[in-house]
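Q: I am new to this structure. Please choose one part of it and take me through that part closely, step by step.

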Amino acid sequence: MIELEGVPELVDPVMVAAFEGWNDAGDAASAAVAHLDKEWKGEVFAALDAEDYYDFQVNRPTVWLDGGVRRITWPTTRLSVVRVGGDKPRDLVLVRGIEPSMRWRSFCNEILGFAHELGVELVVIMGALLGDTPHTRPVPVSGVTSDPDLARTMDLEETKYEGPTGIVGILQEACTHAGVPAVSLWAAVPHYVSQPPNPKATLALLNRLEDLIDLRIPLGELAEDARAWQLGVDQLAAEDSEVAEYVQSLEEARDTAELPEASGEAIAREFERYLRRRDGGGPAGPGQPGGHATDGEGAAYLRDTPSERTRPPKPKPSQRPPEQSPEQGPEQSAGSGDGSGDDSDDPGEAGTAESSDD
């Protein structure tokens, strides 16, 4: 039995999890949980034993100096609690770590043990995959679940995926079998600019999480970082006619596919988000500290960061990414050895977000 000393009784707790590696293209999902932990000053209360779940030749420990004393940080998964006040207080249990190398069933059972002891009412697992999506359009985020009732009540897709999966898919199924409501949120990262970070995809995941759990999330500088990222990719793509032409073809395909989706329901969702943020108290302007913005064209953003830009590789028609499920995730790059596969330049790794359901 898991004993949690020093953890206060939580209010309507939701567990939010993300894992670096196969299901974290552009580090978008793990960065989203890190943002929540930073903004709400999360307090770590538990860490899983690294010896039980990680191959240290794949995920190596790091050595660092602390006042002249050498210390070691081991790869692991940590759990923290953030207390969210306001008119509708709701606490979050944040799970952030690296996709385990082994013993996935024991890993999920341990996570679920914490969820049970803390009275968690919902588990939200975030992931990101490489896809045929242009960087100039809003990031597609799909919400999926294995629970038909949850799909109906929360306006989610019911997953029908069959094939290889990562820890995101395994943890969601473990939650379902344990009777814990669980949802996966998947963001699509452009496969031609897959190098982390991708603040625009991180922002999209946080916006979707806001809608899902009805909680106002402070975005800080993230919205401005997202626009700086997009402007940087715009400039690099404009320098190469082949890349610019390819991006234009993705834009046309995306706009054509989404034309029927520009419905009153989508407009209503955006308006509801605006009203919730405006009435949530504090500075409501997206450009102000703690303000909010969507990842669309009207967002306000931060400084440009040209030193962090990377040139998108030329996409080759013969290497167009295959149709793929978010649960399948981006493939590992050859010889990477770390299981992440997120920063590969090979477009053949990419998945397609819009066509999948987990």
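A: What follows is a close look at the open sheet and at what packs on it.

This is a predicted model, so local features need pLDDT of at least 70 and side-chain atom pairs count only at pLDDT 80 or more, while totals for chains, interfaces and linings use all residues. Residues are numbered from 1 along each chain as its sequence is written, and side-chain values use heavy atoms, with hydrogens and water left out.

Confidence comes before the details. pLDDT is the predictor's confidence in each residue, from 0 to 100. The chain average is 78, and 71% of the residues score at least 70. Two stretches stay under 50. One is residues 314-324, with 28 contacts beyond four places in sequence. A contact means heavy atoms within 4.5 Å. The other is residues 330-358, with 97 such contacts.

Now the sheet. Helices (H or I, at least four residues) and strands (E, at least two) are DSSP runs, numbered from the N terminus. Two strands pair if DSSP finds at least two bridges between them. Eight strands form an open sheet in the order β2-β5-β6-β1-β7-β10-β8-β9, and the pairing is mixed. Its edge strands are β2 and β9 (157-158), each of which pairs on one side only.

Start at the β2 end. Strand β2 (residues 43-47) runs antiparallel to β5, and four bridges join them. Glu 43 has Val 81 in β5 as its bridge partner. On to strand β6 (residues 92-98): six bridges link β5 to β6, again antiparallel. Val 81 appears here too, standing opposite Val 93 in β6.

How enclosed is β5? Buried means under 20% relative accessible area, exposed over 50%, and partly exposed in between (1.4 Å probe, protein chains only). Five of the six residues of β5 (residues 77-82) are buried, so the strand is largely enclosed by the rest of the structure.

Move along to β7. Strand β1 runs parallel to β7, with four bridges between them. Met 15 stands opposite Val 123 in β7. β7 also pairs with β10, in the parallel sense, over nine bridges. There Leu 130 faces Val 189 in β10.

β7 is mostly covered, with 10 of its 10 residues buried. Its side chains split two ways. Leu 122, Val 124, Met 126, Ala 128 and Leu 130 point one way, Val 123, Ile 125, Gly 127, Leu 129 and Gly 131 point the other way, and all are buried. In a regular strand the side chains alternate between the two faces of the sheet.

Next, the β8 side. Strand β8 (residues 141-145) and strand β10 (residues 182-190) run antiparallel, joined by four bridges. Val 144 stands opposite Ser 184 in β10. Helix α5 packs on the sheet, touching β1, β7, β8 and β10, and its direction makes about 165 degrees with that of β10. Axes are lines fitted to C-alpha atoms, for helices over the stretch in contact, and angles run from 0 to 180 degrees between N-to-C directions.

One residue of α5 (residues 167-177) is Gln 172. Gln 172 is buried, with a relative accessible area of 0%. Its side chain makes a polar contact of 3.5 Å with that of Ser 146. A polar contact is a pair of N or O atoms within 3.5 Å; within protein, one must be able to donate a hydrogen and the other to accept it, and residues adjacent in sequence count only if both atoms are side-chain atoms.

Helix α1 also meets the sheet. It lies across β1, β5, β6 and β7, at about 135 degrees to β6. Its buried residues include Ala 28, Val 33 and Leu 36. The buried residues of α1 pack against β1 (14-20), β5, β6, β7 (122-131), α6 (199-213) and α7 (222-238).

The length of α1 can be checked. The expected span of a helix is 1.5 Å times one less than its number of residues. For the 12 residues of α1 (residues 28-39) that gives 16 Å, and the end C-alpha atoms are 16 Å apart, which agrees.

Last, the loop between β1 and α1, where Asp 27 is found. Its phi is near 55 degrees, a positive value in a residue other than glycine. Asp 27 counts as partly exposed, at 30% relative accessibility. After α1 comes Lys 41, whose phi is also positive, near 50 degrees.
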